[in-house]
Amino acid sequence: MLFENKTIVVTGSAKGIGKEIALQFGKEKANVVVSDLSKEDCIKTVKEILSFGGKAISVKCDVSDKIQVKALIGSAVKEFNSIDVLVNNAGIYPFASFQEMTEKQWDKVIDINLKGTFLCSREAAKQMIKQGKGGKIINISSVAGILGFCSLAHYCASKGGVNAFTRALALELAQFKINVNAVGPGPIKTPGIGNLDEKILKGIIDSVPWGRIGEPADIANAILFLASDKADFITGQVLEVDGGMTIK
Ligand SMILES: NC(=O)c1ccc[n+]([C@@H]2O[C@H](COP(=O)([O-])OP(=O)(O)OC[C@H]3O[C@@H](n4cnc5c(N)ncnc54)[C@H](O)[C@@H]3O)[C@@H](O)[C@H]2O)c1
């Protein structure tokens, strides 16, 4: 029980990878703050955590809105008195060919994936510095932070930005013993990815040396390690959890 009585905020945790991260922390007896765009969806995740004896609250928050982000961190502290781990998971990956990409589409992806990571990290770091006992910030990036993908220029730019942000923030926060790292998932089976037709799925699997698509648990396992005190001397790193996709 490495996380008993530690408070963990996971953004975008009503579904997909974020939900699995929230559930795993719940099983470790952490205080989990489940946060997403829909309060109703958050409550479903909270109920699952409570059903196996974990502790969790739900907070509606759009990570691209600084007022809502402030309220999210405020609610976490009000309920559990501190914040120990922030997982910046909320993200979107809508396809748009570059030549047809509108400024609105570009801005939305950057606002959620990159600015959202900045806003949540800023609020959480403020609180962690005040507490004076360090902390962990973990950003969910993507293999798209280092590889190019067609029709995802905005997404690749946002995740490349997350990787660079991770390194810069790690430098600034090291003096406060706040570790800042990122995890770069390869293709993972989530609601966001949807039901892939067999041909597309085969193409994805062929691009992964390990020979399978990832599960949300593959990512959550890495997050729990980076959030634990076993990773205290690791900071500013991007851990690709991708079945070898980025080493080809
Ligand atoms: N699934 C993959 O193959 C994959 C691969 C690489 C990286 N990722 C990254 O992992 C993270 C989670 O992806 P997923 O596949 O679980 O997605 P998902 O769509 O299944 O779930 C994402 C959750 O984030 C929420 N969200 C969206 N916009 C938000 C906002 N503005 N504020 C707060 N919450 C918001 C959604 O409501 C949803 O519940 C994302 O950052 C994504 O870029 C996913």
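With 11 C-beta neighbours inside 10 Å, Asn-81 falls in the exposed class, since 12 or fewer is what that label takes. This is a predicted model, and Asn-81 is a handy place to start looking at its backbone. Most residues other than glycine have a negative phi. Asn-81 goes the other way, with a positive phi of about 75° despite not being a glycine. As for where to find it, Asn-81 sits in the loop that runs between helix H3 (66–80) and strand E4 (85–88).

Another asparagine turns up with a positive phi: Asn-5, at about 70°, and again not a glycine. Asn-5 belongs to the segment ahead of strand E1 (7–11). Its surroundings put it in another class, because 13 C-beta neighbours inside 10 Å make Asn-5 partly exposed.

On to the ligand. The shell around it holds 29 residues, and the ones that come nearest are Gly-12, Gly-16, Gly-91, Thr-190 and Gly-192. The elements giving two or more residues to that shell are helix H1 (16–27) and helix H4 (103–131). Of the elements, H1 gives the most, chipping in three residues.

In terms of chemistry, the shell around the ligand splits into 15 nonpolar residues, 11 polar ones and three charged ones. For anyone sorting through that tally, glycine is counted as polar here, and Gly-12, Gly-16, Gly-91 and Gly-192 are among the residues that come nearest to the ligand.

Terms used: Residues are numbered from 1 along each chain as its sequence is written. This is a predicted model: local features need pLDDT of at least 70, side-chain atom pairs count only at pLDDT 80 or more; totals for chains, interfaces and linings use all residues. Helices (H or I, at least four residues) and strands (E, at least two) are DSSP runs, numbered from the N terminus. A residue is buried if 20 or more other C-beta atoms lie within 10 Å of its own, exposed if 12 or fewer, and partly exposed in between; C-beta atoms are placed from the backbone. A residue is near a molecule or strand if its C-beta atom, placed from the backbone, lies within 6 Å of it.
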